[in-house]
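I am opening a notebook on a structure that is new to me. The entries below follow the order in which I looked things up.

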Amino acid sequence: VEAPDLFIAIADAALKKLDKFNPQDIANTASSFVKAGVETPALFNAIANAALTKLRDFNPQALANAAWAFATASVEAPDLFNAIAAAALTKLDGFKPQE
């Protein structure tokens, strides 16, 4: 990462506003930090908790992106993975091949 201080500042700001994030915001935030290669355990723990409270509102793409981000980051979040799996089962018809 060329600007680690920027990502730390973004993580700090996101932690304060996660309760206002919609499902896409939650999934995109997790994916962005993974793609940037920035490890932020506190942010990922908070994202997992926020996602658990809003999973019923996640569309298939947000479910897939969240699962990918947490798996790629090797974050242990068994409750989240189990909840994503359960939510995905109820939305199987909405998944596209790339998801």
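**Entry 1: proline 4.** I began with proline 4, which is partly exposed because its relative accessible area of 42% falls between the 20% limit for buried and the 50% limit for exposed. I note here that the model is a predicted one. Proline 4 sits in helix α1. I then looked up its separation from glutamate 39: the two are 35 residues apart in sequence, and their C-alpha atoms are 10.0 Å apart in space.

**Entry 2: aromatic pairs.** How many aromatic pairs does the structure hold? I found two. In one of them, the ring centres of phenylalanine 7 and phenylalanine 33 are 5.4 Å apart and the planes stand at 80 degrees, so I recorded the pair as edge-to-face. This pair links distant parts of the chain, with phenylalanine 7 in helix α1 (residues 4-17) and phenylalanine 33 in helix α2 (residues 23-36), 26 residues apart. I also checked burial. Phenylalanine 7 has a relative accessible area of 19%, which makes it buried because the limit is under 20%. Phenylalanine 33 is buried as well, at 3%.

Phenylalanine 44 and phenylalanine 70 form an aromatic pair too, with 5.1 Å from centre to centre and 75 degrees between the planes. I entered this pair as edge-to-face. Phenylalanine 44 belongs to helix α3 (residues 41-54) and phenylalanine 70 to helix α4 (residues 60-72), so the pair ties together parts that are 26 residues apart in sequence. Both phenylalanine 44 and phenylalanine 70 are buried.

**Entry 3: threonine 40.** Next I went to the loop between α2 and α3, where threonine 40 lies. Is threonine 40 buried or exposed? Its relative accessibility is 11%, so I put it down as buried. Setting aside neighbours within four places in sequence, I found threonine 40 in contact with Ala11 and Phe33.

**Entry 4: α1 and α3.** I turned to how helices meet. The axes of α1 and α3 come within 10 Å and cross at roughly 25 degrees. Angles under 35 degrees count as roughly parallel, and α1 and α3 are therefore entered as roughly parallel to each other. Their crossing is left-handed. Which residues meet there? From α1 I listed Ala11, Ala14 and Leu15, and from α3 Ala42, Leu43 and Ala46. Sorted by class, the contact of α1 with α3 has six nonpolar, no polar and no charged residues.

**Entry 5: α3 and α5.** I repeated the look-up for α3 and α5. Their axes come within 10 Å and cross at roughly 30 degrees. These helices are therefore roughly parallel to each other. I noted that α3 passes α5 in a left-handed crossing. On the α3 side the residues are Ala48, Ala51 and Leu52, and on the α5 side they are Asp79, Leu80 and Ala83. By class, the contact of α3 with α5 has five nonpolar residues, no polar ones and one charged.

**Entry 6: serine 74.** I ended in the loop between α4 and α5 (78-89), which is the place of serine 74. Most residues other than glycine have a negative phi. What is phi of serine 74? I read a value near 55 degrees, which is positive in a residue other than glycine. Serine 74 is exposed, because its relative accessible area of 61% is over the 50% limit.

Definitions and conventions:
Residues numbered from 1 in each chain as written. Predicted model: local features only at pLDDT ≥ 70, side-chain atom pairs only at ≥ 80, totals over all residues. Heavy atoms only, no water. Phe/Tyr/Trp six-rings, centres within 6.5 Å; stacked < 30°, edge-to-face > 60°. Helix = DSSP H or I, 4+ residues; strand = E, 2+ residues; numbered from the N terminus. Buried < 20%, exposed > 50% of the residue type's maximum accessible area, 1.4 Å probe, protein only. Axes fitted to C-alpha atoms, helices over the stretch in contact; angles between N-to-C directions. Parallel < 35°, antiparallel > 145°, perpendicular 65-115°, else oblique. Left-handed = near helix turned anticlockwise from the far one by under 90°. Contact = heavy atoms within 4.5 Å. Nonpolar A, V, L, I, M, F, W, Y, C, P; charged D, E, K, R; others polar.
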